[in-house]
Amino acid sequence: MQPIVAPSILAADFSNLGQAITMINESEADWIHVDVMDGVFVPNISLGIPVAEAIKRHANKPLDVHLMIVHPENFVEAFRKVGADSITVHAEACPHLHRNIQQIKHAGAKAGVAINPHTPIVDLENIIQDIDMVLIMSVNPGFGAQKFIENTYQKIRDMKALILAKKSGAKIEIDGGVTLENARALLDAGADVLVAGNLIFSSPNPKQIIQRLKRI
Ligand code: DX5
Ligand code: ZN
């Protein structure tokens, strides 16, 4: 089966965002991955609601919003209002994760939960049936173009086993350090969605990279 491919707009030239979105629109990419960072949950600040709104206005693909922020409950409705199709929050940032999931679903978006490299799969045992997606961070969140963490393969296999055991329909999304070299192995381990920033946007031919990921 072909993976869902989600280019991460974080790696695009922000002075030419329109061109990046046109490229994604014309490519075989499935979603646009939007990384929101608050400088508190992660040591970086990226973009917020007005930029997500501008992206949505030009995009003809679903917006996959990855909130790397504390208190995501304060912004779920706002991101939904500007057109987020899926909203993913970090388990580590949400002491009331079940409530956050209900809020996202109630707002009408697909609900995802992201986990950092150190967070064990078992933390999602009691929430996996309620969510549409699990985002396994394969780098520490905060920056693009980092080195892929090898332990991710085992986490994907364990996550897949939990999803099957609990009869959940959750997709597994991999975020960080995805390359043409590791993509096949990630899918074989059980990944459904591949996020790629640096790989796509540092290429002179981003559409071709997206096509190669789709056919990996
Ligand atoms: C990292 C972000 C990722 C990042 C991936 O905090 O969540 O989405 O943009 O970038 P690459 O593919 O460059 O590792
Ligand atoms: Zn991301």
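Contact here means heavy atoms within 4.5 Å of each other. With that in hand, welcome to the tour of this predicted model.

**Stop 1: helix 1**

Start by selecting helix 1, residues 17-26. Show the side chains of Leu-17, Ala-20, Ile-21, Met-23, Ile-24 and Asn-25, which are buried. What do these buried residues pack against? Colour strand 1, strand 2 (32-37), helix 2 (49-58), helix 7 and helix 8, and you have their partners.

**Stop 2: helix 8**

One of those partners deserves a selection of its own: helix 8, which spans residues 206-214. Its buried residues are Pro-206, Ile-209, Ile-210, Leu-213 and Lys-214. Look down the axis of helix 8: these residues cover an arc of only 140 degrees, so they sit on the same side of the helix. To see what that buried set packs against, add strand 1 (4-7), helix 1, helix 6 (183-189), strand 8 (193-196) and helix 7 (198-201).

**Stop 3: the zinc site**

Now centre the view on the zinc ion, ligand 2. Which residues coordinate the zinc ion? Pick His-33 through NE2, Asp-35 through OD, His-66 through ND1 and Asp-175 through OD; the distances run from 2.0 to 2.2 Å. If you label angles, expect values of 68 to 168 degrees among the 6 donor atoms, and the site is octahedral. In the sequence, the donor residues follow the spacing H-x1-D-x30-H-x108-D. Two of these donors are worth tracing along the chain: His-66 belongs to strand 3 (residues 63-68) and Asp-175 to strand 7 (residues 171-175), so the pair ties together parts that are 109 residues apart in sequence. Switch on a surface and check this pair: are they buried or exposed? Both His-66 and Asp-175 are buried.

**Stop 4: two loop residues with positive phi**

Leave the metal and select His-71, in the loop between strand 3 and helix 3 (76-81). Its phi is near 45 degrees, a positive value in a residue other than glycine. His-71 is partly exposed, and its relative accessible area is 48%.

Then jump to Ala-145, in the loop that runs between strand 6 (133-137) and helix 5 (152-165). Although Ala-145 is not a glycine, its phi is positive too, at about 60 degrees. Is Ala-145 buried or exposed? Its relative accessibility is 59%, and the exposed class begins over 50%, so Ala-145 counts as exposed.

Technical notes
Residues numbered from 1 in each chain as written. Chains lettered and ligands numbered in written order. Predicted model: local features only at pLDDT ≥ 70, side-chain atom pairs only at ≥ 80, totals over all residues. Heavy atoms only, no water. Buried < 20%, exposed > 50% of the residue type's maximum accessible area, 1.4 Å probe, protein only. Helix = DSSP H or I, 4+ residues; strand = E, 2+ residues; numbered from the N terminus. Arc of directions from axis to C-beta. Donors = N, O, S within 2.8 Å, 3.2 Å for Na, K, Ca; no water. Tetrahedral: all angles 85-135°; square planar, octahedral: opposite > 155°, others 65-115°.
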